[in-house]
Amino acid sequence: MARIKIISNPYKQEIEYEAYKETTNEWMNIGLHEANSKLKEESVRKCFLPFNAKEILEVIVNEYYLETKGSVEIVFEGTKEEYYELTRVCQSKDLEQKVTLSCSNRVLDNGKYILSDIKEIFAEVKPVIEEVTRDECEITKNLAKVTDALDDIVPICVFGNYSAGKSTFINALIGREVLPSGGDPVTAKAFKIQSSSQEDIARIRFRHWDDNIELSFEDGVYRVVKGNTNDEMLKDLASVLKEKEMISMYQKVSMALEFINAYEKRDSTSTELGNMIELTIAFSKNGILGRSKNKFVIFDTPGSNTATNDGHIEVLKEALEGFSNGIPVWVSQYEAIDTMDNKALCNSILDIDALDQRFTMIVLNKADVSDLPENGFNENQIKNIKEFKSVEKMYASGIFFVSSIMGLGAKNNGALADKYYRKIYKLQKDSFTDIEDEDYVTLYQYNIMPLQIKEEVITYSASENNIIYSCCSIIFLTILRRQLRKL
């Protein structure tokens, strides 16, 4: 019987494999001693183990299982969550007779269990370090990074090329119509959106010339909290909002963001605004993110193939300093995933240290109007999709086929302010709700991910009362929630 040890350390983002040598009674590192083993490849050493559990076990079985010598004995060292996922996969029909799994006495605690202890210790030592190193800029900067990391904020970085529907996708994520969207390249600046626990208050922050501006929307009332109220730009904005006093707070926020975002387009020779516009707003409780206990910050970047995109990758890198375990979400369309623009974009994004490559997620938006095979993809079609150069780089947590407009409409019961949104939602609604309709849509059937995970989240989705939400976007959000639980 072969004996293999899986040693996972998700905090160091690495997995090691050892084989037990009976001749010497010791464990030997497979990566160092087995030149041809697939267990030394980065795809199974630098991955998110719960998502890749089946792939890892299949590699071990292919290399070490011999029917004449019985099952492969696997010893696991890592977190309880990872062991649970391995156990589930080992119970599958094709593995249950070939693998015997046990857990080592060495168990890693989930980081969230010890976070409060780390915060207390850091709070005690931080003043001492600051006093001793107050003239050391690099140390001061690193202390700020640790502080941000301990705040347990999860950054979600949404990127993609022009017209992929990133802004609409983020609107669907947070369940609010706030980011500008439309047929033209609308995102001229990078956006940073933070969740707030206060339903009736929203804040917008940005830089105009050398002035830090902060705008407040409280119970629908707009005011300038920081900045010169005589600024011509703020005067113009006040006039625009005054004309629409009866609209909701979220509509006012959307109008303000659209005005600010487009302001520089009046004069292409002038750069008045800072590269980042910040928004703090409550996420809808009708969605998974709004119900989560995690703190979120979502980054939205201009389309990477637009003229306004110069330097935005550097802006994003700077904005993400101090964060860790960032979740990269690449938004594209099914028809456009194999383009040179997307390949270059993915290369740039993966160079950002704050983003965790184990959690990359591919979202194929507007899937309700894509030409997809009627009964889902066959194995050969899935293989071809995963071999596209950009997909090959970004496939870590799955490929998700979604309709952002339908997801947003589902969270708001079809009550949408944007005329284009309303039109699409009305036209598509029956296709997502009438099971007898010949064009009935269940986008989740096209999602590409390990089968055992897909089956689990489809079962979860079936319990969702909102059938449109379930059909077009909930699986992506369910997987995202799973990732967040294990960060």
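Where is Ser167 found? Select it: Ser167 lies in helix α7. The model you have open is a predicted one.

**Stop 1: Ser167 and helix α7**

Keep Ser167 selected. This residue is buried, with a relative accessible area of 7%. Now add Pro180 to the selection. The two residues are 13 positions apart along the chain, and their C-alpha atoms are separated by 6.7 Å.

Next, select the whole of helix α7, residues 166-174. Helix α7 lies across β6 (153-159), β7 (190-195), β11 (276-281), β12 (295-300), β13 (327-332) and β14. Against β12, helix α7 runs at about 165°.

**Stop 2: the whole chain**

Zoom out. The chain has 19 helices and 15 strands. Of its 487 residues, 49% count as buried. Consider the contacts in the chain with a separation of 6 or more: 72% of them are between residues 24 or more positions apart. Switch on the surface. The accessible surface comes to about 24200 Å², and 47% of that belongs to carbon and sulfur atoms.

**Stop 3: the ten-stranded sheet**

Show β6 to β15 as a cartoon. What is the order of the ten strands in the open sheet? Read across: β10-β9-β8-β11-β7-β12-β6-β13-β14-β15, with mixed pairing. Go to the edges, where β10 (221-226) and β15 (399-401) stand. Each has a single partner strand, so one side of each is left without a neighbour in the sheet. Look along the sheet as well: neighbouring strands are turned by 20° against each other on average, direction ignored.

Stay at the β15 edge. Select β14, residues 361-364. Strands β14 and β15 pair in the parallel sense over three bridges. Pick Val363 and find Phe400 of β15 standing opposite.

**Stop 4: strand β11**

Move to β11. Is this strand mostly covered or mostly uncovered? Mostly covered: five of the six residues of β11 are buried.

Take its two neighbours in turn. On one side, β7 pairs with β11 in the parallel sense over six bridges. Select Lys192, and Glu278 in β11 stands opposite. On the other side, β8 and β11 run antiparallel and are joined by three bridges. Select Ile204, whose bridge partner in β11 is Leu279.

**Stop 5: helices α9 and α8**

Select helix α9, residues 249-262. Helix α9 lies across β7, β8, β9 and β11. Relative to β8, helix α9 runs at about 10°.

Now add helix α8, residues 232-242. At what angle do α8 and α9 pack? The angle is about 145°, and the axes are 10 Å apart. Helix α8 passes α9 in a right-handed crossing. Show side chains at the contact. From α8, pick Met233, Asp236, Leu237, Val240 and Leu241. From α9, pick Lys252, Met255, Ala256, Phe259 and Ile260.

**Stop 6: salt bridges**

The count for the model comes to 17 salt bridges. Visit three of them.

Start with Glu77 and Lys5. Their side chains meet in a salt bridge, 3.6 Å from N to O. The pair links distant parts of the chain: Glu77 sits in strand β4 (residues 72-79), Lys5 in strand β1 (residues 3-9), and they are 72 residues apart. Which side of the burial cut-off are they on? Buried means under 20% relative accessible area. Glu77 has 9%, so this residue is buried. Lys5 has 12%, so this one counts as buried too.

Go on to Glu58 and Lys54. Their side chains form a salt bridge at 3.4 Å, N to O. Both lie in helix α3 (residues 49-64), four residues apart, about one turn of the helix. Glu58 is partly exposed, with a relative accessible area of 31%.

Finish at Glu214 and Arg203. Their closest N and O atoms are 3.1 Å apart in a salt bridge. Glu214 lies in strand β9 (residues 211-218) and Arg203 in strand β8 (residues 201-208), so the pair ties together parts that are eleven residues apart in sequence. Both Glu214 and Arg203 are buried. Expand the selection to Arg205, Glu218, Arg223 and Lys226. Together with Arg203 and Glu214, these residues are joined into one network by salt bridges that share partners.

How values were computed: Residues are numbered from 1 along each chain as its sequence is written. This is a predicted model: local features need pLDDT of at least 70, side-chain atom pairs count only at pLDDT 80 or more; totals for chains, interfaces and linings use all residues. Side-chain values use heavy atoms; hydrogens and water are left out. A salt bridge is a side-chain nitrogen of Lys or Arg within 4 Å of a carboxyl oxygen of Asp or Glu. Helices (H or I, at least four residues) and strands (E, at least two) are DSSP runs, numbered from the N terminus. Buried means under 20% relative accessible area, exposed over 50%, partly exposed in between (1.4 Å probe, protein chains only). Two strands pair if DSSP finds at least two bridges between them. Axes are lines fitted to C-alpha atoms, for helices over the stretch in contact, and angles run from 0 to 180 degrees between N-to-C directions. Contact means heavy atoms within 4.5 Å. Accessible areas come from the Shrake-Rupley method with a 1.4 Å probe; for residues, only the protein chains shown count as cover. A crossing is left-handed if the near helix is turned anticlockwise from the far one by less than a right angle, and right-handed if clockwise.
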